[in-house]
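Student: Can we go through this model together? I'd like to know what stands behind the labels people put on it.

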Amino acid sequence: MSTIYAVLLEVASIQRYVFGSNKLKENYGASYLVENMFEENLKSAWKKVGLDARAFELWTEWAKDEDAADDFADEIRILKPEIEAEVGYIGGGNALLFFIDQEKAKKLAKEWSKELLINTPGLNPTIAISETDSEYLNNKEEFPESISALFKVMGENKSKYQPQTTLPRHGITAECNRTGLSAECFDTDKKIYISSVAKAKLDAADKATSKLLQDFAEVLQIKSKYSFPEKFEELGQSDDDSHISIVHIDGNSMGYKFKECKTLPEIRKLSKSVKNATKKSVGDLLEVIIKKIDDPAFNQNFAYNGIWLPIRPIIIGGDDITFVCPGRLGVYFAKIFMEKFAEKEVKKGNERIPLSSCAGIAITKTKYPFYRGYELAEELCKNAKKESRKEENSSWLDFHLAYGGFSGELKDIRRANYEGAAGHLCLRPYRVVGKINDHRNFSECIKGIKHFKGMNGSKEEEEPEQKGWPNSKIKELREVLTMGHTSARIFIQEMNYRDRTLSEIEGHPECKDTGWLCENKKHVTPYFDMLELMEIYPIKLEEKEVIDVHL
């Protein structure tokens with residue numbers, strides 16, 4: 001047994017750093033900088049301290065190679081007398097390193113902080129160093145306790161001090177119109193002075209695009225002419241629809257899964273397999289987009305110019321992804337990703353466990369403050385997670401369509417806009433993947449939209465079962481649902497006489513005649529979600545997929 005020193009590296013306020021700009025180029029440039037804080041910057045600091053570069057590269061090569069054997073994960077090199085430092089793992093927004101010498105551990109922390117200060121101004125590093133025993137790394141009783149103690153030190157350090165990583169603003173300096181910070185760098189493209197934070201993000205943007213194209217070259221080579229948009233305006237918004245979708249998807253119970261890991265090798269394997277599953281799912285989504293992009297049923301949902309794909313991934317993390325796309329495609333893309341993600345399994349110890357996720361989709365105006373839209377998407381994702389915790393291995397999504405501005409928390413927005421005289425107008429979130437078949441399935445919502453539009457998914461019948469509802473009657477239905485039970489029942493009966501019925505709701509046969517169902521002692525209507533979603537969901541794609549299956 002010998003004493004070693006564990007070093008935990010982390011960065012605070014990553015979301016604000018990445019999503020704080022209304023310029024897409026700055027957002028994905030910032031994401032690239034964050035991703036490389038443990039790649040280029042840590043690698044550079046590692047070399048400057050005089051550590052063996054190969055020890056760092058071994059981790060990088062193994063983590064990136066999907067087919068690499070797990071021998072690397074199982075072998076703890078810091079136990080060997082000739083090894084002075086080792087990468088424990090890198091993932092989940094932090095890095096865990098181990099050192100024999102305490103002074104070298106401190107020196108590495110200082111060098112890494114300096115690298116961030118120079119290359120990624122605006123990021124606030126937090127560091128924790130704790131003494132432990134080398135034998136604990138593979139001890140199922142001691143390892144969890146030693147790691148918990150290290151994270152406790154990290155929490156204490158965060159509350160003590162936040163470093164100043166940007167130049168303070170003075171009265172004699174100009175203000176950057178992008179960040180509000182001191183403008184000390186010259187932007188040669190715009191011919192204006194901007195802050196060092198904005199400059200670093202813009203300088204990293206081209207590298208971010210190159211890496212994205214390289215990471216998904218196998219998928220993109222199907223049609224090599226395609227690339228990713230560099231501006232929000234290039235996503236494919238049309239003149240009559242200037243909305244974009246901000247989509248945030250996060251894996252379920254990942255923190256709990258990592259806490260269940262009892263040894264360092266278990267954490268390494270889980271971290272790698274989760275990251276690979278996320279990347280593969282993004283590749284699956286891109287493959288679907290490329291295969292459908294020339295289909296009129298698909299590209300009528302955005303202004304297609306033949307080059308830009310209607311999606312721009314901003315963050316592809318360990319178990320989470322954030323991307324932007326045209327407003328009409330956000331929910332559809334989120335659904336595809338979640339279904340693909342749920343098909344994957346990850347390694348935890350000697351077992352393989354299924355994956356699930358939750359998504360929040362904020363559909364906002366292109367010019368609306370992007371960070372506010374991202375915050376809403378994140379809050380929608382958290383709301384979906386509340387439902388996922390009630391049902392094991394289930395995936396859920398929640399969405400919000402903002403016709404104008406919005407303020408306050410999600411619960412306040414829905415209290416102000418989605419509560420009528422009869423009850424709640426919002427049934428969402430919806431289950432995308434799960435074993436239970438009830439009114440909360442997203443397929444029920446899609447079935448209802450098809451019903452309103454007169455679609456039945458069958459090519460054999462020339463005439464649909466009923467004609468679609470005219471827009472005027474859909475508008476009336478929205479109004480009466482806000483007015484109360486009596487108004488809704490009278491209107492629904494009137495429409496029944498005209499052979500315009502509501503779709504049947506799984507487990508609630510009464511809903512078709514009343515417009516409402518009772519859930520947890522609260523009245524809620526499933527039809528308001530359908531009416532709102534049908535304005536922005538590419539339902540013809542769903543119909544075409546059903547027909548293709550029949551054929």
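Tutor: Sure, and keep in mind that this is a predicted model. Let's start with a cut-off: two strands pair if DSSP finds at least two bridges between them.

Student: How do you know that strand 1 and strand 4 pair?

Tutor: Ten bridges join strand 1 (residues 3-12) to strand 4, and pairing asks for at least two, so the two strands count as paired. They run antiparallel. One of the bridges links Ile4 to its partner Thr132 in strand 4.

Student: What makes strand 4 an edge strand?

Tutor: The sheet is open, with four strands in the order 2-3-1-4 and antiparallel pairing. Strand 4 (124-133) pairs on one side only, and so does strand 2 (85-91), which makes these two the edge strands. On average, neighbouring strands of this sheet are turned by 15° against each other, direction ignored.

Student: Now to a single residue. Why is Asn27 called buried?

Tutor: Buried means under 20% relative accessible area, and Asn27 has 0% relative accessibility, so Asn27 counts as buried. Asn27 sits in helix 2 (residues 24-35). Not counting residues up to four places away in sequence, Asn27 touches Val18, Phe19, Gly20, Ser21, Phe232, Ile314 and Phe370.

Student: Which residues of helix 15 are buried, and how do you know that they are on the same side?

Tutor: In helix 15 (residues 410-417), the buried ones are Leu410, Ile413 and Arg414. They cover an arc of only 90° around the axis, and therefore lie on the same side of helix 15. That fits the general rule: an α-helix has 3.6 residues a turn, so residues three or four places apart point the same way. Lys411 and Ala416, on the other side of helix 15, are exposed.

Student: What do the buried residues of helix 15 pack against?

Tutor: They pack against helix 14 (370-388) and strand 13 (395-401).

Student: And what makes Phe333 stand out in the largest nonpolar core?

Tutor: That core has 161 residues, and Phe333 is among those with the most contacts inside it, together with Leu42 and Phe442. Helix 11 (residues 264-292) gives the most to this core, with eleven residues. Leaving out residues up to four places away in sequence, Phe333 touches Leu285, Ile289, Phe298, Pro310, Ile311, Phe323 and Cys325.

Student: Which residues are in the second core?

Tutor: This separate core has five residues, including Ala183, Ile194, Ala198 and Leu202.

Notes
Residues are numbered from 1 along each chain as its sequence is written. This is a predicted model: local features need pLDDT of at least 70, side-chain atom pairs count only at pLDDT 80 or more; totals for chains, interfaces and linings use all residues. Side-chain values use heavy atoms; hydrogens and water are left out. Axes are lines fitted to C-alpha atoms, for helices over the stretch in contact, and angles run from 0 to 180 degrees between N-to-C directions. Buried means under 20% relative accessible area, exposed over 50%, partly exposed in between (1.4 Å probe, protein chains only). The arc is that of the directions from the helix axis to the C-beta atoms. Contact means heavy atoms within 4.5 Å. A nonpolar core is a set of buried Ala, Val, Leu, Ile, Met, Phe, Trp, Tyr and Cys residues joined through side-chain atoms within 4.5 Å.
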